[in-house]
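Reader: Could you walk me through one part of this model up close, the aromatic rings and whatever sits around them? I'd like one connected answer rather than a list.

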Amino acid sequence: MAHHMQSPASHLAYLTAQNRIPAASVFALRVAVLLSKWAMRRRTRLSLRHLDPHLLRDIGVTPAEADFEARRVFWRM
């Protein structure tokens, strides 16, 4: 059986489509999704900072570009 991964946003869309969810719950879900996105963005940027130069070359990123990306704040795309 194939396991299909859905994004947090698709879960949120399903839950908010249900008329039984109070507005405060919808707000809490949106905040949780946003915090989850920010946490993932922070983790991946910090991981990029610690990649070896040969791994950066493999993905087409210079050490300077990796450092620039790692220094970006988590709420910025």
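Author: Quick bit of vocabulary before we zoom in: a residue is buried under 20% relative accessible area, exposed over 50%, and partly exposed in between. Keep in mind that this is a predicted model. The chain has four helices and zero strands, and 12% of its 77 residues count as buried.

Now the rings. A search of the whole structure turns up two aromatic pairs. One of them is W38 with F74, an edge-to-face pair with 5.3 Å from centre to centre and 65° between the planes. That pair ties together distant parts of the chain, as W38 belongs to helix α2 while F74 is in the segment after α4 (63-71), 36 residues apart. W38 has a relative accessible area of 25%, so it's partly exposed. F74 comes out at 30%, so it is partly exposed too. F74 also pairs with W75: their ring centres are 5.0 Å apart and the planes sit at 85°, so that pair is edge-to-face. W75 is partly exposed, at 46% relative accessibility. Put together, W38, F74 and W75 make one aromatic cluster.

F74 leads us on to R45, since F74 is among the residues that R45 touches, along with E69, A70, R72, V73, R76 and M77, leaving aside residues up to four places away in sequence. R45 is in helix α2 (residues 23-49). With a relative accessible area of 6%, R45 is buried. A polar atom of the R45 side chain lies 2.7 Å from the backbone oxygen of V73.

How values were computed: Residues numbered from 1 in each chain as written. Predicted model: local features only at pLDDT ≥ 70, side-chain atom pairs only at ≥ 80, totals over all residues. Heavy atoms only, no water. Helix = DSSP H or I, 4+ residues; strand = E, 2+ residues; numbered from the N terminus. Buried < 20%, exposed > 50% of the residue type's maximum accessible area, 1.4 Å probe, protein only. Polar contact = N/O pair within 3.5 Å; in protein donor to acceptor, adjacent residues only side chain to side chain. Contact = heavy atoms within 4.5 Å. Phe/Tyr/Trp six-rings, centres within 6.5 Å; stacked < 30°, edge-to-face > 60°.
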